[in-house]
Protein chains: 2
Amino acid sequence: MTKKIKIEKDTSTEAKIKDAARKVFMQKGFAAARTRDIAEESGINLALLNYYFRSKEKLFHEVMSEKIQQFFGVLFPIINNSSTKLETKIDLIVANYIDMLSENPDLPLFVLNEMKGKRGQINKTLPIEKITKNVSLVQQLQKRRPDINPVHFLMNILGMTVFPFIARPAFGAIGILNKSDFETVIEERRKLIPVWIKAALKAK
Amino acid sequence: MTKKIKIEKDTSTEAKIKDAARKVFMQKGFAAARTRDIAEESGINLALLNYYFRSKEKLFHEVMSEKIQQFFGVLFPIINNSSTKLETKIDLIVANYIDMLSENPDLPLFVLNEMKGKRGQINKTLPIEKITKNVSLVQQLQKRRPDINPVHFLMNILGMTVFPFIARPAFGAIGILNKSDFETVIEERRKLIPVWIKAALKAK
DNA sequence: AAATGATTTAATCAAATGATTAAATTTTAA
DNA sequence: TTAAAATTTAATCATTTGATTAAATCATTT
């Protein structure tokens, strides 16, 4: 049993495996993804994968860390910036999520799905930033609408912005959206969602 | 190879297997669910499962049919009812989804996730009702806001209503929602979402 | 060039898993 | 009550799948 500890460097092979892992895991999820799929996708031998990453779980964990940061990374810099006003934050959250999700449409379903199954593990393993009362956005929302829990507006912004990407296959099946329409609709939403959110902020 | 065609009747054993299948598939998804899990959960022998349902796929398909109908079944009776006005439809969609999802919080993630992976199969196998231009809700939306694609409002209503259930673990991890808060927030949304949607309808 | 260490491969293992079979038991019908 | 059919079980297959191993090849250093 020769155990050689590999110090991670950005070698070509290791990167190829990780690229393939990203693709396969994102497409199929952890359970349905086979290490052989990943090996084939990256054009390397199956043993290499275990040589570099020790196990499917470890490889998955690395991908998952990236993806969680990618998903939440959009949000935190914006909501923590105390030098922008509420309206600007709304515009930025929507615009940045639409930009990012247009490039990674599978991301939200992947992240939210895997977070559900392994709630115990992931929340402890991955250091996820927390939203507290003194986050700038929360304070601004509380000041604007002291009568409404700020979490509602977060749910609204994310719901309106992220949900279409999650439900895209459903919207397709239901007959409302063919492939090219989707992109058009999403681009329209970039301007519309902030308008609606601001209207909701005023609504009594 | 003795093939006995079983005519489905609501026997106790068959129902027990299906109950267990619902539970396990919903909790783990198709790929991560093992037929042994289902057998154990239903208190029967593994062979029984194959005796009654022939295969994991067949059993899954039956559960999936149910769940798709459960998920979309809330929507169609409401949006097709041409004797209710727009505002009523909004209230009903939100209220009925919140009722249903409070009892089945895992449903949306399950359905949307499985619809994505097997888009080809499911959309052809399961007869999903289609939303067309002459659906009552669509006509009402088009009349009220001819400048906006009706699909936007559908995305908004469902996004605001369904997304919180999909993202619940994420909201937990992010530190904004402990278990009991969630139910409180959802109940608040029952009244708030219609207010916000109606405000958005008027927003220019 | 030789030696050492890193990388890659083919072959194989062991466990997990979907499915089947043959026999036993229970239920139903005559 | 008995014969036939339906139900249930234990045991077993065959395949899939994550992982390992031992050997081969390649790269780097001396």
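**Exercise 1.** Is Phe30(B) buried or exposed?

*Solution.* The structure is a predicted model. Step 1: the relative accessible area of Phe30(B) is 13%. Step 2: the cut-off for a buried residue is under 20%. Step 3: Phe30(B) is therefore buried.

**Exercise 2.** Determine how the rings of Phe25(A) and Phe60(A) are arranged, and what parts of chain A the pair joins.

*Solution.* Step 1: a pair of aromatic rings is described by the distance of the centres and the angle of the planes. Step 2: a search of the whole structure yields 20 aromatic pairs over all chains. One of these is formed by Phe25(A) and Phe60(A), with 5.0 Å centre to centre and 80° between the planes. Step 3: planes over 60 degrees apart count as edge-to-face, and the pair of Phe25(A) and Phe60(A) is classed accordingly as edge-to-face. Step 4: Phe25(A) belongs to helix α1 (residues 12-32) of chain A and Phe60(A) to helix α4 (residues 56-73) of chain A, so the pair ties together parts that are 35 residues apart in sequence. Step 5: both rings belong to buried residues, since the relative accessibility is 0% for Phe25(A) and 5% for Phe60(A).

**Exercise 3.** Classify the pair formed by Phe25(B) and Phe30(B).

*Solution.* Step 1: the ring centres of Phe25(B) and Phe30(B) are 6.1 Å apart, and their planes meet at 20°. Step 2: planes under 30 degrees apart count as stacked, so the pair of Phe25(B) and Phe30(B) is stacked. Step 3: Phe25(B) has 0% relative accessibility and therefore counts as buried.

**Exercise 4.** Identify the ring cluster that contains Phe30(A), and the charges that sit over Phe30(A) and Phe30(B).

*Solution.* Step 1: a cluster of Phe25(A), Phe30(A), Phe60(A) and Phe110(A) is linked by ring pairs. Step 2: over the ring of Phe30(A) sits the charged end of Lys56(A), 4.3 Å from the ring centre. Step 3: in chain B, the charged end of Lys56(B) sits over the ring of Phe30(B), 4.3 Å from its centre.

**Exercise 5.** Describe the surroundings of Ile157(B) and of Ser136(A).

*Solution.* Step 1: Ile157(B) is located in helix α10 (residues 150-166) of chain B and, at 4% relative accessibility, counts as buried. Step 2: apart from neighbours within four places in sequence, the contacts of Ile157(B) are Ile90(B), Ile93(B), Val94(B) and Ile197(B). Step 3: the C-alpha atoms of Ile157(B) and Asp91(B) are separated by 9.9 Å, although these residues are 66 residues apart along the chain. Step 4: Ser136(A), in helix α9 (residues 136-144) of chain A, counts as buried at 8% relative accessibility. Step 5: when residues up to four places away in sequence are not counted, Ser136(A) touches Ile79(A), Asn80(A), Asn81(A), Ser82(A) and Lys89(A).

**Exercise 6.** Characterise the interface of chain A and chain B.

*Solution.* Step 1: the size of an interface is often given as the accessible area lost when the parts come together. Step 2: between chain A and chain B this area is about 4600 Å², with carbon and sulfur atoms giving 75%. Step 3: the contact involves 54 residues of chain A and 53 residues of chain B. Step 4: the interface has 2 salt bridges, among them that of Asp106(A) with Lys116(B), whose closest N and O atoms are 4.0 Å apart. Step 5: there are 13 residue pairs in polar contact between the chains. Step 6: the elements of chain A that give two or more residues to the side touching chain B include α1, α7 (107-117) and α12 (179-202). The element that gives the most to this side is α10(A), with 13 residues.

Definitions and conventions. Residues are numbered from 1 along each chain as its sequence is written. Chains are lettered from A and ligands numbered from 1 in the order in which they are written. This is a predicted model: local features need pLDDT of at least 70, side-chain atom pairs count only at pLDDT 80 or more; totals for chains, interfaces and linings use all residues. Side-chain values use heavy atoms; hydrogens and water are left out. Rings of Phe, Tyr and Trp (its six-membered ring) pair if their centres lie within 6.5 Å; planes under 30 degrees apart count as stacked, over 60 as edge-to-face and the rest as tilted. Helices (H or I, at least four residues) and strands (E, at least two) are DSSP runs, numbered from the N terminus. Buried means under 20% relative accessible area, exposed over 50%, partly exposed in between (1.4 Å probe, protein chains only). A charge sits over a ring if NZ of Lys or CZ of Arg is within 6 Å of the ring centre and within 35 degrees of the ring normal. Contact means heavy atoms within 4.5 Å. Buried area is the accessible area (1.4 Å probe) that two parts lose on being put together, summed over both. A salt bridge is a side-chain nitrogen of Lys or Arg within 4 Å of a carboxyl oxygen of Asp or Glu. A polar contact is a pair of N or O atoms within 3.5 Å; within protein, one must be able to donate a hydrogen and the other to accept it, and residues adjacent in sequence count only if both atoms are side-chain atoms.
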